[in-house]
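Hi everyone, thanks for making time for this. I'd like to walk you through a structure that is new to most of us, one piece at a time.

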Amino acid sequence: MKKTAAADQVGGDTPRTAVNAVPSQVSAEGKTRSEVARLLLEQGPMTAVVVAEQLGISPAAVRRHLDALLADGEAETRDAPRRGPRGRGRPAKLFLLTEAGRARFGHAYDDLAVSAIRFLAEHAGEDAVRAFAERRVASLVEPHRLAITGSSDPAARAEALATALTREGYAASTRQVGAPAAGQNVGAQLCQHHCPVAHVAAEFPQLCEAETEAFAKLLGTHVQRLATIARGDSACTTHVPASAGQPAHPEPVSTKPSRAAEPLPSGRTARIPNGGKPA
């Protein structure tokens with residue numbers, strides 16, 4: 001395809017004007033890179049020359065986008081198989097997407113999980129769903145049991161649980177709540193700022209319920225779920241009373257972004273208490 005001089009100045013993707021050269025180029029660059037990646041997804045592995053022919057842009061522009069995908073770990077190369085007698089020079093390179101490159105087009109893991117649990121509920125009943133939820137959370141927290149139960153203090157256990165959850169991808173932290181002088185119950189709020197299964201838990205709250213019960217057993221006290229990402233809150237927030245075995249009297253928490261989702265005061269992070277012996 002024949003290109004104009006203006007197009008060649010910006011890599012041969014699309015013509016630009018001097019007035020909006022920077023914003024248009026940034027937008028077009030991203031769009032073209034996505035087109036290059038999609039072509040590799042659908043028809044790869046393929047050479048840079050073939051990609052250029054398919055998209056109708058210059059080989060130089062294609063190589064720039066391919067180099068960017070390589071640098072980001074979204075593409076890789078392999079030598080193209082030779083046809084006919086071996087000639088001089090290096091063999092042509094074939095470009096193909098890596099797993100990271102395919103991830104830019106999304107996965108259907110959440111939909112698959114929802115479909116699987118629906119099937120389980122339809123054919124084995126709600127008890128089976130509940131058992132699955134309990135088994136899942138047990139596999140999540142059991143490896144950290146000794147670290148969490150190494151202290152008899154529920155607040156210290158909550159900090160250790162936050163550390164464990166963070167290691168499992170939940171970006172958790174704790175914060176102290178209540179004021180003894182005002183007669184309020186002093187305790188902690190365990191905040192999970194990310195939930196890898198929020199989409200699934202929105203349809204199957206048994207996942208959240210089993211998680212809350214597991215937390216209560218590990219912390220050695222009654223806990224109360226105040227908010228969940230699955231129902232639209234900014235964080236999954238669990239109130240942990242200060243005294244083991246005491247009922248919770250949590251602060252009210254709005255479903256909108258609230259103090260529950262704020263980081264710990266003074267940059268304090270959750271820690272695992274010393275020890276490791278079972279409580």
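**A first tour of the chain**

Let's begin with contacts across the whole chain: taking those between residues at least 6 apart in sequence, 56% join residues at least 24 apart. Please keep in mind that what you see is a predicted model. The protein chain contains 11 helices and six strands. Of its 279 residues, 39% are buried.

Let me start with a residue in a strand. Leu94 sits in strand 2, which covers residues 93–97. Is Leu94 buried or exposed? Its relative accessibility is 15%, and because the cut-off for buried is under 20%, Leu94 counts as buried. So which residues does Leu94 touch, once its neighbours within four places in sequence are set aside? One group is Pro45, Met46 and Thr47, and the others are Glu76, Thr77, Arg78, Asp79, Ala80 and Pro81. There is also a C-alpha separation to look at here: Leu94 and Val50 are 44 residues apart along the chain, and their C-alpha atoms are 9.7 Å apart.

Now please move along to a loop. Between helix 9 (154–167) and strand 3 (172–177) you will find Ala171. Here is some background: most residues other than glycine have a negative phi. Ala171 is not a glycine, yet its phi is positive, near 45°. With a relative accessible area of 35%, Ala171 is partly exposed.

**Two helices and their side chains**

Next, let's look at helix 7 and helix 11. Helix 11 runs over residues 206–219, and Gln206 is part of it. Gln206 has 13% relative accessibility, so it counts as buried. Beyond residues up to four places away in sequence, Gln206 touches Glu126, Val129, Arg130 and Ala133. With one of these, Glu126, there is a side-chain to side-chain polar contact of 2.8 Å.

Let's cross over to Arg130, which lies in helix 7. What does Arg130 touch, not counting residues up to four places away in sequence? The answer is Gln206, Glu209, Ala210 and Glu213. The side chains of Arg130 and Glu213 make a polar contact of 2.6 Å. As for Ala210, it is 80 residues away from Arg130 along the chain, while the two C-alpha atoms are separated by 7.5 Å. Arg130 is charged, and it counts as buried because its relative accessibility is 19%.

**Empty space**

On to the gaps. Rolling a probe the size of a water molecule over the atoms shows where empty space is left. The largest pocket holds about 170 Å³ of space. Helix 7 (126–141) and helix 11 are the elements that each give two or more residues to the lining of this pocket. Which of the elements gives the most? That is helix 11, with five residues. If you want to find the pocket on screen, look for Glu134, Val137, Ala138, Val141, Glu142 and Arg145, together with Ala210, Glu213, Ala214, Lys217 and Leu218. Sorted by class, the lining has six nonpolar residues, five charged and no polar ones. You have already met Glu213 in this talk, as the partner of Arg130 in a polar contact.

How many cavities of 30 Å³ or more turn up in a search of the whole structure? There is one. The largest cavity has a volume of about 50 Å³. Its lining is made by Arg136, Cys195, Val197, Ala201, Leu207, Cys208 and Glu211. Helix 11 again gives the most to the lining, this time with three residues. Five of the lining residues are nonpolar and two are charged, with no polar ones.

**A pair of cysteines**

Cys195, one of the residues that line the cavity, brings me to my last stop. A disulfide is a covalent bond between the sulfur atoms of two cysteines. Why is Cys195 not in one? The closest cysteine sulfur, in Cys236, is 4.9 Å away, which is too far for a bond; the cut-off is 2.5 Å. Cys236 is likewise in no disulfide, with the sulfur of Cys195 as its nearest. The overall count is zero disulfides.

Both of these cysteines are worth checking for burial. Cys195 counts as buried because its relative accessibility is 12%. Cys236 has 3% relative accessibility, so it counts as buried too.

That's the tour. Thanks for listening, and I'm happy to take questions.

Notes. Residues numbered from 1 in each chain as written. Predicted model: local features only at pLDDT ≥ 70, side-chain atom pairs only at ≥ 80, totals over all residues. Heavy atoms only, no water. Helix = DSSP H or I, 4+ residues; strand = E, 2+ residues; numbered from the N terminus. Buried < 20%, exposed > 50% of the residue type's maximum accessible area, 1.4 Å probe, protein only. Polar contact = N/O pair within 3.5 Å; in protein donor to acceptor, adjacent residues only side chain to side chain. Contact = heavy atoms within 4.5 Å. 1 Å grid on protein atoms, 1.4 Å probe; cavity = no way out; pocket = protein on both sides within 12 Å on 5 of 7 lines; lining within 4 Å. Points joined across faces, edges and corners; volume = space filled by probe spheres on them.
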